[in-house]
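Open the model in your viewer and keep the selection box handy. We will go from stop to stop, with something to pick at each one.

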Amino acid sequence: MSEALADHQTSLAELRHTAAHVLAYAVQDIFPDAKPTIGPAVENGFYYDFDRDAAFTPDDLARLDARMKEIVAANYAMTGREVTREEAIAHFAGNPYKVEIAREIPEGEKITLYTIGAFTDLCRGGHAHTTGEIGGVKLMSVAGAYWRGDERKPMLQRIYGTAWPSQAELDAYLTQLEEAHKRDHRKLGVELDLFSVEEDAGGGLIFWHPKGAVVRGIVEQFIREGLRERGYQPVVTPHVVSERLYEISGHLENYADSMFGPLDVEEQRFRLKPMNCPGHILIYKNRLHSYRELPLRFSEFGTVYRYERSGVLHGLTRVRGFTQDDAHLFCMPEQLQFEFEQTVDEAIRLMNAFGFTDIEYFLSTREAKLRGDTDPLAEDAIRKALERYGIAYDVDEGGGAFYGPKLDINVRDAIGRKWQLGTVQVDFVLPKRFDLKYRGSDGVDHTPVMIHRALAGSMERFFGILIEHFGGAFPAWLAPVQAVVVPISEHQIEYARTVAAELRGHGFRIDLDESNEKLGYKIRHWKMQKVPYVLVVGKQEAADGTVNVNERAASPESQGEKRTVSLATFMEELTQKVEARS
């Protein structure tokens, strides 16, 4: 091991890359017929692809897992050496995948082989010093993967694993995964009757059931309140428009792979809209505007359609049709800074209201080849807005849209997972492409600046993240059913109906359980449905005009509170929680 390597501090990515080598070592030991191909580190772990005729089984993974632990315990040093292309090809003569990689390494780039124990791999580097630095490792699953992601090439077997500096960190991660499974929005969506994906309609298209539609409506109403308070005007644009619109915008040139194919109608080509901004631009362009009208703000809960391969579709978070809380603002350059700051302020309000307090902000710049004269102005507006609110941020070089830089908002949910939600973009490009104008105070026409904003991102994705963030146990102000009234026997049904009617009359979302099931079963059922309150009414409650409140537990480990109060007292309490959005 070189002195430089000895002084190097191992990163988590390098440790996981080393774990991928350890996996390949174990596979070669136990299944020498398997041909290793590539094995990088990825978020939360690593994978390695193998060409093998027989499928890897769960028992195989258990054997590999045990062998990997032996290799880690042996604390083999990771040693590397530079070789010629011919030497690399000769070393891997029996493995066509490694030979292909070796042949394609650019001329002048170093070719290196790295060895642990008796296993040598072709790799450009980035490793731990020794296998013993891997404190905890576990194989997770097997999936199919085409060689180099090309469906015309051989199908390989991809083994996924995770690795951490310590066993304690691995255990914490596995606990998080277990909790994530319990919170999986696809599972809870079925159990709580919130939404479905119907095979007869096709993948990636969401059917909102009544309860899910109620929650979506509450989220939309909250966002609409903010839009109205900040002067946005509602607009509605078509779902299908001429392809010509996307030629002008540049989306057809830069975004075609994410769009559905053209629809031919009377010798014209139409497209399902993949975004709402060109439609809002046409509304702006419909007439000439004076500087006195600006900023002009349009908003639309617009449904858009994007082509996604079936293999990447995932519940609500990766779909083909979704509704954005989309808004576009047209302003003079001198108004840009204030308007962007107002948008950041609204983003903070939205995230706080829905319980996201661990937030990361990224200034995503355009790729170098796309950068123009106005990019520094746009980036400066984003930076100043973040600094105005004292917000720390990172820079994502090249992560912006093709028409300008943007602010991306990521959140961590209740169990620490990171999600990308809102985005706000500054755009000098599309106004020029569409030749947008406003008449300035000098009597001359000028080009406005656009701000694109979608703070929730998409209603589908936002809702899916909310389900997992709350584990389906929505707070009372957001819950599709805020309380259910449960009579103990048929003799209290009339009183239960009176209680339910009184609560509904005050605007609360109430269910009434008139089933013949036993009381214990009813209470368990509604708690499994994660309803915030179960109001039990028996003979005494009917006589006193009260309700026995069974409040949902704050956590799975705790017991929910039980108490008897007047109906008026309960309504006052629920009103306070709804108004405070607590």
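## Stop one: a pair of crossing helices

H8 passes H15 in a right-handed crossing. This is a predicted model, so keep that in mind as you look around.

Select residues 210-229 for helix H8 and residues 459-470 for helix H15. Their axes come within 11 Å and cross at roughly 110 degrees. H8 is therefore roughly perpendicular to H15, since angles of 65 to 115 degrees count as such.

Now show side chains where the two helices meet. On the H8 side, pick Gly212, Val215, Arg216, Val219, Glu220 and Ile223. Their partners in H15 are Met459, Glu460, Phe462, Phe463 and Leu466. Coloured by class, this contact of H8 with H15 shows seven nonpolar, one polar and three charged residues.

## Stop two: along H8

Stay with H8 and check its length. Its 20 residues should span 28 Å at 1.5 Å a residue, and the end C-alpha atoms are 28 Å apart, which agrees.

Which residues of H8 are buried? They are Gly212, Val215, Arg216, Ile218, Val219, Glu220, Phe222, Ile223, Glu225, Gly226 and Leu227. To see what covers them, add strand E10 (206-208), E16, strand E17 (321-331), helix H12 (336-353) and strand E24 (449-454). H15, from the previous stop, is also part of the cover.

Before leaving, click Gly231, which follows H8. The phi of Gly231 is positive, near 85 degrees.

## Stop three: H2 and H3

Next, select residues 12-30, which form helix H2. From first C-alpha to last, the 19 residues of H2 reach 27 Å, close to the 27 Å expected at 1.5 Å a residue. Turn on the surface here: 14 of the 19 residues of H2 are buried, so this helix is largely enclosed by the rest of the structure.

Add helix H3 with residues 58-74. The axes of H2 and H3 come within 9 Å and cross at roughly 115 degrees, and the crossing is right-handed.

Which residues of H2 meet H3? Look for Ala19, Val22, Leu23, Tyr25, Ala26, Val27, Asp29 and Ile30. Facing them in H3 are Arg63, Leu64, Arg67, Met68, Ile71 and Val72. The residues of this contact of H2 with H3 divide into eleven nonpolar, no polar and three charged.

From Ala19, draw a distance to Thr79: the two C-alpha atoms are separated by 15 Å, with these positions 60 residues apart along the chain. Thr79 lies in strand E4 (residues 79-83). Is Thr79 buried, partly exposed or exposed? It counts as partly exposed, at 34% relative accessibility.

## Stop four: backbone features in the loops

Most residues other than glycine have a negative phi, and most peptide bonds are trans. The last three picks are worth a look with that in mind.

- Select Arg148 in the loop between strand E7 (136-146) and strand E8 (155-164). Its phi is near 60 degrees, a positive value, and at 39% relative accessibility Arg148 counts as partly exposed.
- Move to Asp193, in the loop between helix H7 (185-191) and strand E9 (195-197). Phi of Asp193 is also positive, near 55 degrees, and at 38% relative accessibility this residue counts as partly exposed.
- Finish at Pro295, in the loop between strand E15 (289-290) and strand E16 (296-305). A cis peptide bond joins Leu294 and Pro295, with omega about 5 degrees.

Conventions
Residues are numbered from 1 along each chain as its sequence is written. This is a predicted model: local features need pLDDT of at least 70, side-chain atom pairs count only at pLDDT 80 or more; totals for chains, interfaces and linings use all residues. Side-chain values use heavy atoms; hydrogens and water are left out. Axes are lines fitted to C-alpha atoms, for helices over the stretch in contact, and angles run from 0 to 180 degrees between N-to-C directions. Helices (H or I, at least four residues) and strands (E, at least two) are DSSP runs, numbered from the N terminus. Angles under 35 degrees count as roughly parallel, over 145 as roughly antiparallel, 65 to 115 as roughly perpendicular and the rest as oblique. A crossing is left-handed if the near helix is turned anticlockwise from the far one by less than a right angle, and right-handed if clockwise. Contact means heavy atoms within 4.5 Å. Ala, Val, Leu, Ile, Met, Phe, Trp, Tyr, Cys and Pro count as nonpolar, Asp, Glu, Lys and Arg as charged, and the others, Gly among them, as polar. The expected span of a helix is 1.5 Å times one less than its number of residues. Buried means under 20% relative accessible area, exposed over 50%, partly exposed in between (1.4 Å probe, protein chains only).
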